[in-house]
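Trainee: Please take a close look at one part of this structure with me, and then show me how its surroundings fit together.

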Amino acid sequence: MINLSECSDLLNDAPNGLSLLRAWNGWRGTELVPTLDLVRPEHIGSALSCMMVLDVLAPDNIVIRLAGTMHQDVLGRDLKGENFVNLAKPSERDRRIESY
(Lines give C-alpha, C1' and ligand atoms only; values in the text may rest on other atoms or scores of the structure.)
Protein backbone atom coordinates (compact mmCIF):
# COMPACT_ATOMS: atom_id res chain seq x y z
CA MET A 1 0.00 0.00 0.00
CA ILE A 2 1.17 3.51 -0.71
CA ASN A 3 2.27 5.32 2.43
CA LEU A 4 0.69 8.78 2.39
CA SER A 5 3.42 10.27 4.54
CA GLU A 6 6.00 9.28 1.91
CA CYS A 7 3.94 10.81 -0.89
CA SER A 8 2.79 13.97 0.86
CA ASP A 9 6.07 15.82 0.25
CA LEU A 10 5.80 15.06 -3.45
CA LEU A 11 2.23 16.32 -3.53
CA ASN A 12 2.64 19.53 -1.52
CA ASP A 13 2.17 21.58 -4.68
CA ALA A 14 -0.64 19.35 -5.93
CA PRO A 15 -3.47 19.34 -3.37
CA ASN A 16 -5.85 17.75 -5.89
CA GLY A 17 -3.42 14.87 -6.31
CA LEU A 18 -3.23 14.38 -2.57
CA SER A 19 -7.04 14.41 -2.30
CA LEU A 20 -7.26 11.74 -4.99
CA LEU A 21 -4.55 9.61 -3.38
CA ARG A 22 -6.29 9.75 0.01
CA ALA A 23 -9.63 8.81 -1.53
CA TRP A 24 -8.08 6.03 -3.66
CA ASN A 25 -6.37 4.48 -0.64
CA GLY A 26 -9.60 4.67 1.33
CA TRP A 27 -11.59 3.00 -1.43
CA ARG A 28 -9.12 0.23 -2.09
CA GLY A 29 -8.34 -0.69 1.52
CA THR A 30 -5.88 -3.58 1.33
CA GLU A 31 -6.52 -4.31 -2.37
CA LEU A 32 -4.40 -3.01 -5.26
CA VAL A 33 -7.35 -1.17 -6.83
CA PRO A 34 -10.84 -0.44 -5.53
CA THR A 35 -13.92 -2.11 -6.92
CA LEU A 36 -16.21 0.20 -8.84
CA ASP A 37 -18.95 0.02 -6.20
CA LEU A 38 -16.58 1.53 -3.61
CA VAL A 39 -15.54 4.55 -5.68
CA ARG A 40 -17.32 7.69 -4.52
CA PRO A 41 -16.52 10.81 -6.58
CA GLU A 42 -17.80 13.03 -3.78
CA HIS A 43 -14.82 11.92 -1.68
CA ILE A 44 -12.48 13.71 -4.09
CA GLY A 45 -13.98 17.15 -3.52
CA SER A 46 -12.76 19.99 -5.70
CA ALA A 47 -10.23 17.69 -7.41
CA LEU A 48 -13.08 16.17 -9.40
CA SER A 49 -13.31 19.25 -11.63
CA CYS A 50 -9.73 18.65 -12.82
CA MET A 51 -9.98 14.90 -13.35
CA MET A 52 -10.33 12.81 -16.44
CA VAL A 53 -11.15 9.11 -16.46
CA LEU A 54 -9.89 7.25 -19.51
CA ASP A 55 -10.80 3.79 -20.78
CA VAL A 56 -7.86 2.42 -22.76
CA LEU A 57 -9.42 0.01 -25.24
CA ALA A 58 -6.39 0.02 -27.54
CA PRO A 59 -3.34 2.29 -27.84
CA ASP A 60 -5.14 4.39 -30.45
CA ASN A 61 -8.61 4.12 -28.88
CA ILE A 62 -8.69 5.82 -25.48
CA VAL A 63 -12.26 6.75 -24.62
CA ILE A 64 -12.94 9.60 -22.22
CA ARG A 65 -15.46 8.30 -19.68
CA LEU A 66 -15.44 11.39 -17.46
CA ALA A 67 -13.99 14.86 -17.93
CA GLY A 68 -14.20 17.38 -15.13
CA THR A 69 -15.65 20.82 -15.67
CA MET A 70 -12.20 22.40 -15.99
CA HIS A 71 -11.59 20.39 -19.17
CA GLN A 72 -15.03 21.27 -20.47
CA ASP A 73 -14.49 24.96 -19.74
CA VAL A 74 -11.11 25.02 -21.49
CA LEU A 75 -12.29 23.15 -24.60
CA GLY A 76 -15.84 24.47 -24.62
CA ARG A 77 -17.58 21.10 -24.82
CA ASP A 78 -18.29 17.88 -22.98
CA LEU A 79 -15.56 15.38 -23.83
CA LYS A 80 -17.36 12.24 -22.64
CA GLY A 81 -17.17 9.53 -25.30
CA GLU A 82 -14.45 11.22 -27.36
CA ASN A 83 -11.15 9.57 -28.23
CA PHE A 84 -8.43 11.12 -26.07
CA VAL A 85 -5.89 10.54 -28.85
CA ASN A 86 -7.85 12.82 -31.18
CA LEU A 87 -7.52 15.74 -28.77
CA ALA A 88 -3.79 15.91 -29.56
CA LYS A 89 -2.46 17.72 -32.61
CA PRO A 90 -2.04 15.27 -35.49
CA SER A 91 1.73 15.66 -35.24
CA GLU A 92 1.62 14.62 -31.55
CA ARG A 93 -0.81 11.70 -31.76
CA ASP A 94 1.82 8.98 -32.25
CA ARG A 95 3.58 10.14 -29.09
CA ARG A 96 0.30 10.09 -27.16
CA ILE A 97 -0.44 6.57 -28.44
CA GLU A 98 3.01 5.37 -27.33
CA SER A 99 2.32 6.75 -23.83
CA TYR A 100 -0.61 4.41 -23.39
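Is Leu 54 buried, exposed or in between, and what is its relative accessible area?

Mentor: Happy to. This is a predicted model, in which local features need pLDDT of at least 70 and side-chain atom pairs count only at pLDDT 80 or more, while totals for chains, interfaces and linings use all residues. Residues are numbered from 1 along each chain as its sequence is written, and side-chain values use heavy atoms, with hydrogens and water left out.

Leu 54 is partly exposed, at a relative accessible area of 26%; buried means under 20%, exposed over 50%, and partly exposed lies in between, using a 1.4 Å probe and protein chains only. You will find Leu 54 in strand E1. Helices (H or I, at least four residues) and strands (E, at least two) are DSSP runs, numbered from the N terminus. The chain has 4 helices and 2 strands, and their order from the N terminus is α-α-β-β-α-α.

Now look at what surrounds it. Setting aside neighbours within four places in sequence, Leu 54 is in contact (heavy atoms within 4.5 Å) with Ile 62, Val 63, Ile 64, Phe 84 and Tyr 100. Leu 54 and Arg 65 are 11 residues apart in sequence, yet their C-alpha atoms are 5.7 Å apart in space.

Arg 65 has a partner in the residue that follows Leu 54 in number: it forms a salt bridge with Asp 55, the closest N and O atoms being 2.9 Å apart. Asp 55 sits in strand E1 (residues 52-58) and Arg 65 in strand E2 (residues 61-67), so this pair ties together parts 10 residues apart in sequence. A salt bridge here is a side-chain nitrogen of Lys or Arg within 4 Å of a carboxyl oxygen of Asp or Glu. Like Leu 54, both partners count as partly exposed, with Asp 55 at 28% and Arg 65 at 41%. The salt bridge count comes to 2, and Glu 82 with Arg 77 is one of them, at 2.8 Å between the closest N and O atoms.

Several of the contacts of Leu 54 lead us inward. Ile 62, Ile 64 and Phe 84, among those contacts, also belong to the largest nonpolar core, which has 6 residues and also includes Ala 67, Leu 79 and Val 85. Such a core is a set of buried Ala, Val, Leu, Ile, Met, Phe, Trp, Tyr and Cys residues joined through side-chain atoms within 4.5 Å. Ile 64 touches Leu 54 in return, and beyond four places in sequence its other contacts include Met 52, Val 53, Leu 79, Glu 82 and Leu 87. A second, separate core of 5 residues includes Ala 23, Ile 44, Ala 47 and Met 51.

Stepping back, 23% of the 100 residues of the chain count as buried. The C-alpha atoms fill a box of roughly 40 × 30 × 25 Å along the principal axes. Among contacts between residues at least 6 apart in sequence, 21% join residues at least 24 apart.

To sum up your spot: Leu 54 is in strand E1, is partly exposed, and is in contact with residues including Ile 64 and Phe 84, which are part of the largest nonpolar core.
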